[in-house]
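Okay, thanks for making time, everyone. Let me put the chain up on the screen and walk you through it helix by helix.

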Amino acid sequence: MSNQKLKFLIVDALFAVIIAILAQIAIPIGPIPFTGQTFAVGLAATILGARNATISVSVYILLGAFGIPVFQGMTAGLGIILGVTGGFIIGFIGNAFLTGFLLDKFGYTNSNAIIANILGAFVTLLFGMFWLQISAGMSLSAAFFAGVLPFIIPGIIKAVLAGFIGLKIRRQLIKSKLLPDTTPSKVETLNTTQSK
């Protein structure tokens with residue numbers, strides 16, 4: 001394994017830990033608490049891109065599934081994933097992938113980061129809503145009012161912060177050569193050079 005690949009794996013693992021730490025910040029709002037997890041997932045996606053952020057989030061979820069207390073409230077186990085909040089946890093994977101994919105495709109700019117994070121946050125909410133409907137035996141409208149509506153404005157605020165802060169951290173990691181520079185101009189120049 002190359003030193004560069006090892007660096008990326010370490011960064012991926014580090015972000016799994018960051019998600020676990022921020023998950024402990026929680027404000028109870030009905031059956032679903034307001035946590036720092038979604039902010040951390042958006043941060044990871046903005047910094048790492050689709051592939052590495054999806055790996056980080058998946059590692060985080062697997063750690064919790066295997067009993068390491070990384071979920072909100074220092075909890076763990078399949079019971080949490082299969083419980084009423086499980087859809088939000090699984091939705092983090094879709095959030096990380098979509099946010100990172102949009103940034104990888106359209107570029108790491110402030111406006112793209114904010115839009116991508118907002119769309120990614122809604123993926124988490126949609127997963128959570130449908131899972132809540134099924135696991136709690138709620139109607140779709142009740143699941144929306146319990147699991148989506150209270151989190152729309154906080155979700156947008158966290159998405160904006162994740163996009164803005166994430167880009168600043170990403171630039172520093174690229175500068176330190178802990179992440180590759182995948183800006184379109186750099187990638188195009190590299191591809192053009194390789195094809196000659």
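So, α1: 20 residues, with 29 Å between its first C-alpha and its last, close to the 28 Å expected at 1.5 Å a residue. Before I go on, keep in mind that this is a predicted model. Which residues of α1 are buried? That would be Phe-8, Val-11, Asp-12, Phe-15, Ala-16, Ile-19, Ala-20 and Leu-22. And among the things covering those buried residues is α2.

Let me zoom out for a second. The chain has 8 helices and 2 strands. Reading from the N terminus, the order goes α-β-β-α-α-α-α-α-α-α. There are 196 residues in the chain, and 41% of them are buried. If you take contacts between residues at least 6 apart in sequence, 66% join residues at least 24 apart. On the outside, about 10000 Å² is exposed, and carbon and sulfur atoms supply 74% of that.

Now the core. The largest nonpolar one has 29 residues, and Ile-47, Leu-48, Val-57 and Tyr-60 are the ones with the most contacts inside it. Who supplies it? α1, α2, α4 (residues 86–106) and α7 each put in at least two residues. The largest share comes from α2, with 12 residues. There is also another core, lying apart from that one, with 8 residues, including Leu-125, Ala-143, Ala-146 and Phe-151. As a general reminder, nonpolar side chains in soluble globular proteins tend to be buried together.

Let's stay with Ile-47 a moment. What does Ile-47 touch, once you skip residues up to four places away in sequence? The list is Phe-15, Gly-166, Ile-169, Arg-170, Leu-173 and Leu-179. Phe-15 you've already met among the buried residues of α1, and Gly-166, Arg-170 and Leu-173 are buried residues of α7.

Which brings me to α7 itself, residues 152–175. Its 24 residues should span 34 Å at 1.5 Å a residue, and the end C-alpha atoms are 34 Å apart, so the two agree. The buried residues here are Pro-154, Gly-155, Lys-158, Ala-159, Ala-162, Gly-163, Gly-166, Leu-167, Arg-170, Leu-173 and Ile-174. If you look at the spacing in that list, remember that an α-helix has 3.6 residues a turn, so residues three or four places apart point the same way. What do the buried residues of α7 pack against? They pack against β2 (34–35), α2 (37–65) and α5 (110–135).

Then there's the surface. Ile-153, Ile-157, Leu-161, Phe-164, Ile-165 and Ile-169 make a nonpolar patch there, with about 520 Å² of accessible area together. Take Ile-169, which sits in α7. Buried, exposed or partly exposed? It's partly exposed, because its relative accessibility is 32%, and buried would need under 20%. Ile-169 is also one of the residues that Ile-47 touches.

Next, the α5 side of that packing. Asn-117 lies in α5 and is buried, at a relative accessible area of 3%. Leaving out neighbours within four places in sequence, Asn-117 contacts Gly-42, Thr-46, Thr-99, Ala-159, Ala-162 and Gly-163. Ala-159, Ala-162 and Gly-163 are on the α7 buried list.

Ile-118 is in α5 too, but this one is partly exposed, at 22% relative accessibility. Outside the four-place window, Ile-118 touches Ile-156 and Ala-159. From Ile-118 to Ala-162 the C-alpha distance is 9.6 Å, and the two are 44 residues apart in sequence. Also in α5 is Ile-114, partly exposed with a relative accessible area of 26%. The C-alpha atoms of Ile-114 and Lys-158 are separated by 9.7 Å, again with 44 residues along the chain.

Last bit: backbone angles. Most residues other than glycine have a negative phi. Where is Met-74? It's in the loop between α2 and α3 (78–82), and although Met-74 is not a glycine, its phi is positive, about 55°. Met-74 counts as exposed, because its relative accessibility is 52%. Then, just after α7, Lys-177 takes a positive phi too, about 65°.

That's what I wanted to show.

Note on methods. Residues numbered from 1 in each chain as written. Predicted model: local features only at pLDDT ≥ 70, side-chain atom pairs only at ≥ 80, totals over all residues. Heavy atoms only, no water. Helix = DSSP H or I, 4+ residues; strand = E, 2+ residues; numbered from the N terminus. Expected span 1.5 Å × (residues − 1). Buried < 20%, exposed > 50% of the residue type's maximum accessible area, 1.4 Å probe, protein only. Contact = heavy atoms within 4.5 Å. Patch = residues over 30% accessible without salt bridge, like charges linked within 9 Å, V, L, I, M, F, W, Y side chains within 5 Å. Areas by Shrake-Rupley, 256 points an atom, 1.4 Å probe, with all protein chains shown as cover. Salt bridge = Lys/Arg side-chain N within 4 Å of Asp/Glu carboxyl O. Core = buried A, V, L, I, M, F, W, Y, C linked by side-chain atoms within 4.5 Å.
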